[in-house]
Amino acid sequence: MAIVIMFRLILLLQLVILLYATTPGPLFQKCNPQDKKALLQIKKDLNYPNSLSSWNPYTDCCHETKPWKGVICDNTQGNRVNYLSLSDLDLHPHPLEMPSAIGNLLFLNFLYINRIPNLTGPFPTTIANLTKLRYLTIRNTLLSGPIPKSLGKLNLVFVDLSRNRLDGDASMLFGSKKQTQKINLSRNRVAFDLGKVRLSKNLEALDLRNNGIYGRLPRGLTALKFLRELNLSYNSLSGEIPKGGNLQSFDVSSYVHNKGLCGSPLPGCVSREIQQTQQTREPQPNQISIE
């Protein structure tokens with residue numbers, strides 16, 4: 001009798017092991033419960049888009065062969081979600097705000113949101129809770145309003161907030177003590193004094209085109225040894241482009257359409273001043289007197 005019972009126990013144990021290895025159900029999930037709750041709330045806030053059909057509450061968001069779309073978990077950190085990619089979501093029928101629950105994915109290192117044209121509303125302040133975040137991309141949306149000042153406490157390596165409707169100050173994204181390598185704020189409505197920002201020595205790419213940024217170019221730009229991409233065009237910058245570093249290696253297109261900006265590779269500041277003086281001295285048609 002004891003042998004029969006032992007045999008049955010062994011069979012039961014083998015069955016449990018088999019189920020554990022093949023079933024992604026709730027009893028055997030690697031996905032952290034807090035992360036799963038946050039992800040399901042994100043899906044709900046986005047009105048259950050078809051693109052996120054794999055986000056099933058009865059499956060494992062960290063499953064090795066069938067993970068949730070756009071989700072990657074870090075098995076060295078207790079299978080916490082450290083990567084989230086949301087792009088080309090079919091949000092309808094109405095514009096929706098960005099889910100604040102993104103800020104509950106506390107182990108997130110990489111956040112990528114792109115090409116969601118009816119994603120609207122303000123920039124969620126909860127993203128500042130993501131202290132482990134290093135790569136932030138939110139582009140091609142209708143996100144509007146100011147960038148939260150609290151975002152400045154994050155040490156971001158890569159920042160791409162281009163092609164939105166963000167406005168106001170964005171200087172909190174800069175800092176000499178940060179590890180930032182790339183900042184892209186192009187095609188927004190941000191406005192701040194560029195001359196007052198301090199730059200990361202690791203900066204490789206800076207794209208600020210098509211905004212309302214003003215002031216002089218910071219001399220710190222000349223000390224950036226790794227700077228390979230620069231576009232400051234279509235702003236309200238002024239003064240002479242500092243000499244040195246890689247600044248003169250960029251062509252005119254990196255600086256054009258800044259009415260007060262001068263110096264190589266743009267026309268020299270003296271010639272620009274002379275040109276402006278001549279324009280002010282030339283009589284306008286309604287000013288010409290006939291004696």
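Tutor: Two strands count as paired if DSSP finds at least two bridges between them. The model discussed here is predicted.

Student: Which residue of strand 16 stands opposite Ser238?
Tutor: Strand 15 (residues 236-240) and strand 16 (residues 260-262) run parallel and are joined by three bridges. Pairing requires at least two bridges, so these strands qualify. Within strand 16, the residue opposite Ser238 is Gly260.

Student: Strand 13 (residues 214-215) also pairs with strand 15; which residue of strand 15 is the bridge partner of Gly215?
Tutor: Strand 13 and strand 15 pair in the parallel sense, over two bridges. In strand 15, the partner of Gly215 is Leu237.

Student: In what order do the strands of the open three-stranded sheet lie?
Tutor: The edge strands of this sheet are strand 7 (144-146) and strand 11 (189-190), each pairing on one side only. Strand 7 pairs with strand 9 (residues 165-168) in the parallel sense over three bridges, and one pair of bridge partners is Gly145 with Leu166 of strand 9. With parallel pairing, the order is 7-9-11.

Student: Which residue of strand 6 stands opposite Ile113?
Tutor: Strand 4 pairs in the parallel sense with strand 2 over five bridges, and Ser85 stands opposite Tyr112 of strand 4. Strand 4 also pairs in the parallel sense with strand 6, again over five bridges. Opposite Ile113, in strand 6, stands Ile138.

Student: How many residues does the largest nonpolar core have?
Tutor: The residues with the most contacts inside this core are Leu39, Ile42, Leu84, Leu161, Leu173 and Tyr255. Helix 2 (33-45), strand 1 (71-74), strand 2 (80-87), strand 4 (110-114) and strand 6 (135-139) each supply at least two of its residues. The number of residues in the core is 69.

Student: With which residues is Leu84 in contact, leaving aside neighbours within four places in sequence?
Tutor: Leu84 is one of the residues with the most contacts inside the largest nonpolar core. Leu39 and Ile42 belong to that same list of residues, and both are in contact with Leu84. The full set is Leu39, Ile42, Trp55, Gly70, Val71, Leu105, Leu108, Phe110, Leu111 and Tyr112.

Student: What is the pattern of the disulfides, with bonded cysteines counted along the chain?
Tutor: A search of the whole structure finds three disulfides. Cys31 is joined to Cys61, Cys62 to Cys73, and Cys262 to Cys269. The pattern is therefore 1-2, 3-4, 5-6.

Student: Is the link of Cys31 and Cys61 right-handed or left-handed?
Tutor: The sulfur atoms of Cys31 and Cys61 are 1.9 Å apart. The disulfide connects distant parts of the chain, 30 residues apart: Cys31 lies in the loop between helix 1 (2-22) and helix 2, and Cys61 in the loop between helix 2 and strand 1. Both cysteines are buried, Cys31 at a relative accessible area of 6% and Cys61 at 0%. With 85° about the S-S bond, the link is right-handed.

Student: Is the disulfide of Cys62 and Cys73 right-handed or left-handed?
Tutor: The sulfur atoms of Cys62 and Cys73 lie 1.9 Å apart. Cys62 is in the loop between helix 2 and strand 1 and Cys73 is in strand 1, so the disulfide ties together parts 11 residues apart in sequence. Buried means under 20% relative accessible area, and Cys62 is therefore buried at 8%. Because the torsion about the S-S bond is about -75°, the disulfide is left-handed.

Student: What is the torsion about the S-S bond of Cys262 and Cys269?
Tutor: A disulfide joins these two cysteines, with 2.0 Å from S to S. Both Cys262 and Cys269 are buried. Their link is right-handed, and the torsion is 90°.

Student: Is the aromatic pair of Phe174 and Phe192 stacked, edge-to-face or tilted?
Tutor: There are five aromatic pairs. Phe174 and Phe192 have ring centres 5.9 Å apart and planes at 50°. Planes under 30 degrees apart count as stacked and over 60 as edge-to-face, so this pair falls in the remaining class. The pair is tilted.

Student: Are Phe174 and Phe192 buried or exposed?
Tutor: Phe174 lies in the loop between strand 9 and strand 10 (182-184), and Phe192, 18 residues apart from it, in the loop between strand 11 and strand 12 (205-207). The relative accessible area is 9% for Phe174 and 3% for Phe192. Because buried means under 20%, both Phe174 and Phe192 are buried.

Conventions: Residues are numbered from 1 along each chain as its sequence is written. This is a predicted model: local features need pLDDT of at least 70, side-chain atom pairs count only at pLDDT 80 or more; totals for chains, interfaces and linings use all residues. Side-chain values use heavy atoms; hydrogens and water are left out. A nonpolar core is a set of buried Ala, Val, Leu, Ile, Met, Phe, Trp, Tyr and Cys residues joined through side-chain atoms within 4.5 Å. Buried means under 20% relative accessible area, exposed over 50%, partly exposed in between (1.4 Å probe, protein chains only). Helices (H or I, at least four residues) and strands (E, at least two) are DSSP runs, numbered from the N terminus. Contact means heavy atoms within 4.5 Å. A disulfide is a pair of cysteine sulfur atoms within 2.5 Å. Rings of Phe, Tyr and Trp (its six-membered ring) pair if their centres lie within 6.5 Å; planes under 30 degrees apart count as stacked, over 60 as edge-to-face and the rest as tilted.
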